[in-house]
Amino acid sequence: VTVEVGVLHGQFSNAMLGALQPRKHILIDLDLKYAKHAAKIGWSNACSGGPVDHCGHDWRNGTPVAGGVKQGRVPFLAKYEAAGMLEWRAGRSAEVLEQLPNRSCDFIYIDGAHTGNGPAV
């Protein structure tokens, strides 16, 4: 069982599933709508590789970026969703992680909040 804290659009979820091939993957985020949509349709907005957010704005100054957001296939995320092997848990990561039974996870990847006290929690 693998756990991913901080999911956004599901691009890294797809990479983890392809590489690790767990029997179950738990996805934790405050808002799972983008990743759930990606899992349903097999396509996701790019979430990394530059300073552009999911709305196509440069986070450094808030200006729209020509061409909007890049998209990419997420076949492993879609496959796991179709097979019922994804568990979606919305909420604050520290609180959701406390709900998991001790020793129930083989691997936990943390990519949560990047500012303030978020990473320290």
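## A parallel sheet and its helices

Let us start at the sheet: Thr2 stands opposite His25 in strand β2. The model is predicted, so local features need a pLDDT of at least 70 and side-chain atom pairs count only at pLDDT 80 or more, while totals for chains, interfaces and linings use all residues. Residues are numbered from 1 along each chain as its sequence is written, and side-chain values use heavy atoms, with hydrogens and water left out.

**Strand β1 and its partners**

Helices (H or I, at least four residues) and strands (E, at least two) are DSSP runs, numbered from the N terminus. Strand β1 covers residues 2-5, and both of its faces are covered. Thr2 and Glu4 lie on one side, Val3 and Val5 on the other, and all of these residues are buried. Here, buried means under 20% relative accessible area, exposed means over 50%, and partly exposed is what falls in between, with a 1.4 Å probe and protein chains only. In a regular strand the side chains alternate between the two faces of the sheet.

Which strands does β1 join, and how many bridges are there? Four bridges join β1 to β2 (residues 25-29), and the two run parallel. Another four bridges connect β1 with β6 (residues 107-110), again in parallel. Two strands are said to pair if DSSP finds at least two bridges between them. Val3 is a handy landmark here, as this residue stands opposite Ile26 in β2 and opposite Ile108 in β6.

Stepping back, the open sheet has four strands in the order β5-β2-β1-β6, with parallel pairing. Its edge strands are β5 (86-90) and β6, each of which pairs on one side only. Neighbouring strands of this sheet are turned by 15° against each other on average, direction ignored.

**Helix α1 over the sheet**

Helix α1 (residues 11-20) links up with the strands on either side of it in sequence: β1, α1 and β2 make a right-handed β-α-β unit. A crossover is right-handed if, with the strands pointing away from the viewer, the path from the first strand over the helix to the second runs clockwise. The helix α1 lies across β1, β2, β5 and β6, running at about 160° to β1. Axes are lines fitted to C-alpha atoms, for helices over the stretch in contact, and angles run from 0 to 180 degrees between N-to-C directions.

Three residues from α1 and the loop that leads on to β2 show how accessibility varies here:

| Residue | Place | Relative accessibility | State |
|---|---|---|---|
| Gln11 | helix α1 | 24% | partly exposed |
| Ser13 | helix α1 | 0% | buried |
| Pro22 | loop between α1 and β2 | 8% | buried |

What does Ser13 touch, not counting residues up to four places away in sequence? Ser13 touches Glu4, Val7, His25, Leu27 and Leu77, where contact means heavy atoms within 4.5 Å. Pro22, leaving aside its neighbours within four places in sequence, is in contact with Thr2, Leu17, Tyr80 and Met85. The C-alpha atoms of Pro22 and Val3, 19 residues apart along the chain, are separated by 9.8 Å. For Gln11 and Pro75, which are 64 residues apart along the chain, the C-alpha separation is 10.0 Å.

**Helix α3 meets α1 and α2**

The axes of α1 and α3 (75-82) come within 7 Å and cross at roughly 75°. The two helices α1 and α3 are therefore roughly perpendicular to each other; angles of 65 to 115 degrees count as such, those under 35 as roughly parallel, those over 145 as roughly antiparallel and the rest as oblique. Ser13, Asn14, Leu17 and Gly18 in α1 meet Pro75, Phe76, Leu77 and Tyr80 in α3.

In helix α2 (residues 33-41), Ala35, Ala38 and Ala39 are buried. They cover an arc of only 100° around the axis, so they sit on the same side of α2; the arc is that of the directions from the helix axis to the C-beta atoms. The buried residues of α2 pack against β3 (43-45), α3 and β5.

How do the axes of α2 and α3 cross? They come within 7 Å and cross at roughly 85°, which makes α2 roughly perpendicular to α3. Ala35, Ala38 and Ala39 of α2 make this contact with Leu77, Ala78 and Glu81 of α3. Just after α2, Gly42 takes a positive phi of about 80°.
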